[in-house]
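Colleague: I should like to learn how to read this structure, feature by feature. May we begin with the chains and then turn to the helices and single residues?

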Amino acid sequence: MSMYTESQARAILDKVIKLSTADECSAQLDGSVDGNIRYARNAVSTSGIVNDAQLVVQVSFGKRVGVATINEFDDASLKKVVMRAEELAKLAPENPEFMPGIDKQEYKATPTFSEKTASITPEYRASVAAASITPCKANKLVAAGFFSDSQRFSAIANKKGNFGYQTSTNADFTCTVRTEDGTGSGWVARNTANVDSFSADDDIKTAIQKAKGSANAKALEPGKYTVILEPAASAGLISFMMFGFDARQADEGRSFLSKKGGGNKLGEQVFDERVSIHSDPSDPGSAVLPWDDDGMAREKTAIITKGKVDFLNYSRYWAKEKGKTAVGRPGNLIMAGGDKSTMDLVKGTKKGILVTRTWYIRMVDPQTVLLTGLTRDGTFYVEDGEIKYPIKNFRFNESPVIMLNNIEEIGKPIRVGDDESPFVMMIPPMKLRDFTFTSLSDAV
Amino acid sequence: MDRRDFLKYSGSASLAALLLPSFGSVIAAEALTEKLDVGMKKRLADTALTAAKADGATYCDVRIGKYLRQFVVTRENKVQNVVNTESTGVGIRVIAAGTWGFAATSDLSADGVAKATKQAVQIAKANSKLTTDPVQLAPVKGVGEVSWATPIKRNAMEVPIKEKVDLLLAANAAAMKAGASFVNSTLFQVNEQKYFASSDGSYIDQDVHRIWAPMSVTAIDKTSGKFRKRDGMSAPMGMGYEYMDPKKEDRIELPGGAVVYKNSYDIVDDARLGAQQAQQKLKARSVKPGKFDLVLDPTHLWLTIHESVGHPLELDRVLGYEANYAGTSFATMDKLKSGDYKYGSPEVTIVADKIQPNSLGYVGYDDEGVKTKRWDLIKDGILVNYQAIRDQVHIIDEKASQGCCYADSWSSVQFQRMANVSLEPGKKKLTPTQMIADVKDGIYIIGDGSFSIDQQRYNAQFGGQLFYEIKDGKVGDMIEDVAYQIRTPEFWNACAAVCDESDYRLNGSFFDGKGQPSQVSAVSHGSSTARFNGINVINTARSLG
């Protein structure tokens, strides 16, 4: 068994806390059932289910910390794991940055669980694959996709009486559709906690349309262009930039938010005033657990407000050093926008390039957050409000900091999954001027 | 490299950060030397093999894995984190109704294993409705009960933590003494105890070891607010702790003064030098973009080989199995079948190798029970083969798998992964100094930096760690803000020379990401210094105003 109810989880964690004789004791119990199906060349390639659960116990004597884990939860095993953590703590070197356990937190339950997602069967997964493969075959196209779903529970407790329990679900769907001759490629993605709102039959139409529409692309010269980035095209760049929001890195002088001569840019105008990003664990479209990795309660937090940096992530240790109050680290990023869809932004564009998604984004220079990467699976030339023709993919070298100062228009945010990002994101389509493409790619 | 996995370990410890499905549970250091009983593993494997057959599976393999890792994370004079992790469980893969099915569980009871086997068969049957071409497995003869182990001299898991911590802190102190503003150093050690059994009649017990000691030295000019890092430095190796015991013969001083290492590493001296280099980078002149002859050290070239040769020559990518994630490949089947596709210049011979000593990919058998080997991918510039596994080789008219199947955990399904892919050294005697003497206007690049390549592996951009101007055959000043952009076939056809075997060194990736769900693997790439003529170099400096 890998899914425990609140009372089962509480009983295990209570026992652990009582068993410990250390100055501090905290414990976390997590379990999950993960299922997936992968397909390519219009056929299923792999599919599987993984069940797993584990308990982590952390204890401390003074500034000496010990951690141990176990995946059996009978009384003897619980005793063993606590003893092992305590033995380790006694042998550990003192951690000069040790912080005592968190006080009792107030966690407000957030809407992270869907019964329908938790009830997904192998047959459901097979039907998602079929919903992609069947229309692709009929259209003489080739589908390659992945659907994964998970249900999990997380429970935390400590000696100071803190306790939290919550269940969550997630489903992620991506499908790439290519023409048989390999000259066109389209893509669609959907990320949700609740598959009630998911229809592979509907989503696949987008990828099919883009695959057909992107065939036989023309080459444009690299250079600076007005671009319309679909939400999936800018999410990776924005998420990468968030690594620079660490207060300690900024104070130490090694972030784009470091200030010349020392200190950080908290409170300063760094972006266009139309840029606002906040985090809210209860956001219905992008809910996350009400606590962070340290168990600190997450609250609604303004990160960037009208272009001004409102939040830097202070670890509990760094907050103490700097006389700040540490708060729960954001688990989601919600960027403010308007009501327009991507196609509405296209309609209002005289000349520009529409980008479906970006790919293989890597840091070139952390000083300026200069990132490089490529467009992929549907890049189009736009003129007089219409998509005119598909164009070959570009490599970009651009900083999200510069990009978020070159805003022309912002559309309506949608939920985006990004497997390289720790955040659940709500990102709008954006029209941006002077986006820097540095070379052409022959890749389709 | 999978960025997220690396970041998890570079940060400070928190409970949730320790709950890592791909790396497992935290355990005590002494438990790192515990092993599962082989008899128990065989009994469990037989339980699954019997259950699969009873349920109608035509093939079954069972992987019982105990994956042990230790991470020591330090900065300046502090130990930030010492984590020992263990992940134990069983993954069962079956073919039923011509279709793959997979299930995994951490429950190592006979009942738990039998239940997971049933689940795997159920999945295969559910998906068989969509099967048009039943799985074709290249035959493998069962090898009975055998074992294999990485030939290490000193098991890193048995070395006391204090010895490791003292070494890292000594390196940090050397960097700080030499003027670094900050230094982070880490020691990663991996031991994969993998038991493979299959309905072909194999029971293979393997004990695999790897080690990596990455370090990052930062220098900051407080007045200008500029910061620069010297990253990477050591190579990840398929070795034990003997790699951290420096030997004189493994230290190589390059033209221009940079120092690199072969099969052992002096982390303390490298930290000192790294601090000096980070400070030099602060003052280095920004590159004037244009076309240059590039002289690429093996500490840099490995990543270019990895991205522009290793990945595009994976048959699953060529066929479209990775189309939805990592992408496909420009190196299509028609190019292979033509027999004369010029992937590179005649200087370029590239081999795939799963039996190279000290390499990250070195094992006795792959994760579907195939005995490992070495084979050519590019011979004298011509594309001659791909990397392929049991259910693919019939597509390239081969009769046997090349033995490069891998899963990063018992809970992950095995699939085709990159073998060590390496550039063969030049046959004529040629040192880096002699190579540089012939370059009029070039850039000498040492160490790997940022890397990005498109989904068919045509267009790539690479940065580096140290860049030196080459003028009229001499290494000159350090320069900065350098990245080069390539189109893969043109780049490899611009290879003018490769130094001889005395310069050959291994580097590699500890966390190469591929697949959905994403899995990591460790892979080495060897080469000697190589020269590429007329490559496009861009300037990466920007201003945030």
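**Reading the contact and the helices**

Modeller: The contact between the chains draws 84 residues from chain A and 69 residues from chain B. Please bear in mind that this is a predicted model.

Colleague: Which element gives the most to the side of chain A that touches chain B?

Modeller: That element is β2(A), with 13 residues. As for character, the side of chain A that touches chain B comprises 33 nonpolar, 31 polar and 20 charged residues.

Colleague: Let us turn to a single helix. How does one judge the length of helix α2 of chain A against what is expected?

Modeller: One compares the distance between the end C-alpha atoms with a rise of 1.5 Å a residue. Helix α2 of chain A covers residues 75–91, 17 residues in total, and reaches 25 Å from its first C-alpha to its last, which is close to the expected 24 Å.

Colleague: Which residues of α2(A) are buried?

Modeller: A general idea helps here: an α-helix has 3.6 residues a turn, so residues three or four places apart point the same way. In α2(A), the buried residues are A:L78, A:V81, A:V82, A:R84, A:A85, A:E86, A:L88 and A:A89. Their cover includes α1 (6–19), β2 (43–61) and β3 (64–70) of chain A.

Colleague: At what angle do α1(A) and α2(A) pack?

Modeller: They pack at about 45°, and their axes are 9 Å apart. That angle makes α1(A) oblique to α2(A), and α1(A) passes α2(A) in a right-handed crossing. From α1(A), A:I12, A:K15, A:V16 and A:L19 meet A:L78, A:K79 and A:V82 of α2(A). This contact of α1(A) with α2(A) has five nonpolar residues, no polar ones and two charged ones.

Colleague: How is the crossing of α4(A) and α5(A) described?

Modeller: The axes of α4 (residues 122–138) and α5 (residues 200–213) of chain A come within 9 Å and cross at roughly 40°. This makes α4(A) oblique to α5(A), and the crossing of the two is right-handed. The contact involves A:V128, A:A131, A:S132, A:P135 and A:C136 of α4(A), together with A:A200, A:D201, A:I204 and A:I208 of α5(A). Seven residues of this contact are nonpolar, one is polar and one is charged.

Colleague: Now to chain B. Why are α5(B) and α6(B) described as roughly parallel?

Modeller: The term rests on the angle between the axes: a value under 35 degrees counts as roughly parallel. The axes of α5 (residues 161–177) and α6 (residues 267–283) of chain B come within 7 Å and cross at roughly 25°, and the two helices are therefore roughly parallel to each other. In this crossing α5(B) passes α6(B) in a right-handed manner. On the side of α5(B), the contact is made by B:L167, B:A170, B:A171, B:N172, B:A174 and B:A175, and on the side of α6(B) by B:I267, B:V268, B:A271, B:R272, B:G274 and B:A275. The residues of this contact divide into nine nonpolar, two polar and one charged.

Colleague: What span should the 17 residues of α6(B) have?

Modeller: At 1.5 Å a residue they should span 24 Å, and the end C-alpha atoms are 25 Å apart, which agrees. The buried residues of α6(B) include B:I267, B:D270, B:A271, B:R272 and B:G274.

Colleague: How does one read a single residue, and is B:P312 buried or exposed?

Modeller: One counts the other C-beta atoms within 10 Å, and 20 or more make a residue buried. B:P312 has 25 of them and is buried. Its place is in the loop between α7 (298–310) and α8 (315–319) of chain B. Beyond its neighbours within four places in sequence, B:P312 is in contact with B:R317, B:S329, B:F330, B:A331, B:R457 and B:T488.

Colleague: Where is B:Y386 placed?

Modeller: B:Y386 is in the loop between β16 (382–383) and β17 (405–406) of chain B. With 28 other C-beta atoms within 10 Å, B:Y386 is buried. Leaving aside neighbours within four places in sequence, its contacts are B:L313, B:E314, B:L315, B:V318, B:L336 and B:I396.

Key. Residues are numbered from 1 along each chain as its sequence is written. Chains are lettered from A and ligands numbered from 1 in the order in which they are written. This is a predicted model: local features need pLDDT of at least 70, side-chain atom pairs count only at pLDDT 80 or more; totals for chains, interfaces and linings use all residues. Helices (H or I, at least four residues) and strands (E, at least two) are DSSP runs, numbered from the N terminus. The expected span of a helix is 1.5 Å times one less than its number of residues. A residue is buried if 20 or more other C-beta atoms lie within 10 Å of its own, exposed if 12 or fewer, and partly exposed in between; C-beta atoms are placed from the backbone. Two residues are in contact if their C-beta atoms, placed from the backbone, lie within 7 Å. Axes are lines fitted to C-alpha atoms, for helices over the stretch in contact, and angles run from 0 to 180 degrees between N-to-C directions. Angles under 35 degrees count as roughly parallel, over 145 as roughly antiparallel, 65 to 115 as roughly perpendicular and the rest as oblique. A crossing is left-handed if the near helix is turned anticlockwise from the far one by less than a right angle, and right-handed if clockwise. Ala, Val, Leu, Ile, Met, Phe, Trp, Tyr, Cys and Pro count as nonpolar, Asp, Glu, Lys and Arg as charged, and the others, Gly among them, as polar.
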